[in-house]
Amino acid sequence: MVVEPGIELSAAAPVLGIETSCDETAAAVVAGARTVMSSVVSSQIDLHARYGGVVPEIASRAHLELLVPVVAEAMLEARVESRDIAAIGATYGPGLIGSLLIGVSSAKALALAWGVPFVAVNHLEAHLYAALLEEPDLPMPLVVLLVSGGHTMLIRMNGPGDYEVIGATLDDAAGEAFDKVARFLGLGYPGGPAIDALAMTGDPTAVAFPRPMLDQGWDFSFSGLKTAVVNHVRRHPEVDTADVAASFQQAVCDVLVSKARRAAHEVGAKGLCLAGGVAANTQLREAVLDVCVADGLRAFLPTRSMCTDNAAMVAAAAYHRLRSDGPSAADTGALPNLRLV
Ligand code: KG4
Ligand code: ZN
């Protein structure tokens with residue numbers, strides 16, 4: 001099959017997305033970057049929980065075992081067969097090298113066997129497409145707060161494929177801070193959802209944790225906040241864990257939301273959008289909503305399952321990249337440190 005850059009796919013063309021950058025093995029079929037026909041996510045949480053975090057070697061072995069059944073399930077749920085698939089997209093970075101290689105190699109092999117284009121997808125761009133997938137007519141420019149286990153970024157989004165990074169974390173990502181604080185508090189892995197749940201019963205004003213770089217520039221720093229939590233609990237072992245979780249979460253949300261709000265004003269954004277796993281956080285979602293109501297901005301909060309890693313966002317990104325850049329080269333490899341721009 002001869003393929004040219006900038007392929008036009010019909011809005012009904014089913015694209016298969018594959019996501020294996022970290023500890024979720026995911027496959028999805030999405031028509032025209034709009035209609036999710038299926039989205040299957042197989043989490044490896046149980047495999048990694050006993051180690052308190054993701055073990056890269058275990059993750060890649062699990063992807064190897066899970067990918068074929070997960071793809072089969074996604075095809076079955078979408079009621080499509082291989083001949084119906086118009087293109088295959090897979091995350092090629094950033095992420096764990098071994099895990100990425102499983103997804104990329106499998107996607108390339110399937111694309112070759114089925115005679116369809118292969119599209120290498122940037123995982124960060126895919127997180128941005130999660131919003132557009134659920135709300136294709138989002139007003140631009142948008143400020144997107146992309147907060148995940150590996151990244152914390154403030155992004156000006158002018159349209160599909162057109163982004164400017166305004167600020168990023170200088171040390172720990174927001175999700176990493178949640179995970180490390182949760183581990184220290186004995187709440188297990190993954191930490192974000194555990195802190196989210198426990199914080200509901202705690203007092204967010206109980207401990208005045210620092211708000212790092214609140215009024216300074218556009219970058220973030222969460223490593224000092226994590227240390228402040230550790231120091232406080234060591235000095236006050238009797239402290240209520242729910243109060244610590246709520247106060248820590250409040251500090252993270254204050255910094256994230258105040259910067260996103262300032263950025264929205266600075267760039268004249270029409271709306272504020274959340275993306276990435278931490279965007280599933282209850283308090284963060286409420287705080288963004290409040291700010292948007294107060295400032296007359298459009299708030300866009302993707303559903304929680306679309307915030308955390310999934311392959312529907314990968315299929316949507318693949319659709320757009322295929323239209324703008326055409327298929328990726330057959331020798332495309334995995335890029336663990338790939339950047340958004
Ligand atoms: O986007 P994601 O699924 O994977 C990466 O690309 O990193 O994000 C995972 C991160 C983890 O750090 C996890 O603890 C955090 O998102 N997370 C949350 C919540 N759900 C997931 N953090 C805070 N509150 C949540 N409800
Ligand atoms: Zn992610």
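I began with the cysteines and counted zero disulfides, taking a disulfide as a pair of cysteine sulfur atoms within 2.5 Å. The model is predicted, so I kept in mind that local features need pLDDT of at least 70 and side-chain atom pairs pLDDT 80 or more, while totals for chains, interfaces and linings use all residues. I also noted that residues are numbered from 1 along each chain as its sequence is written, that chains are lettered from A and ligands numbered from 1 in the order in which they are written, and that side-chain values use heavy atoms, without hydrogens and water.

Why is C22 in no bond of this kind? Its sulfur lies 16 Å from the closest cysteine sulfur, that of C307, which is too far for a bond. C273 is in no disulfide either, the nearest cysteine sulfur, again in C307, being 8.6 Å away. I then looked up accessibility, where buried means under 20% relative accessible area, exposed over 50% and partly exposed in between, with a 1.4 Å probe and protein chains only. C22 counts as partly exposed at 24%, whereas C273 is buried at 2%.

Next I turned to the zinc ion (ligand 2), whose protein donors are H123 (NE2), H127 (NE2) and D309 (OD), at 2.0 to 2.1 Å from it. Donors here are N, O and S atoms within 2.8 Å of the metal (3.2 Å for Na, K and Ca), and because water is not among the atoms, sites may look incomplete. H123 sits in helix 4 (residues 123-134) and D309 in the loop between helix 10 (304-307) and helix 11 (312-325), so that 186 residues separate this pair. Helices (H or I, at least four residues) and strands (E, at least two) are DSSP runs, numbered from the N terminus. I found both H123 and D309 to be buried.

I then followed an open sheet of five strands, in the order 8-7-6-9-10 with mixed pairing, where two strands pair if DSSP finds at least two bridges between them. Strand 8 (162-168) and strand 10 (298-300) are the edge strands, each pairing on one side only. Strand 6 (residues 142-147) and strand 7 (residues 152-159) pair in the antiparallel sense over six bridges, and I noted R156 in strand 7 as the bridge partner of V143.

Last, I looked at A12, which is placed in the segment before strand 1 (14-19) and counts as exposed at 56% relative accessibility. The C-alpha atoms of A12 and T35 are separated by 8.3 Å, with the two residues 23 apart along the chain.
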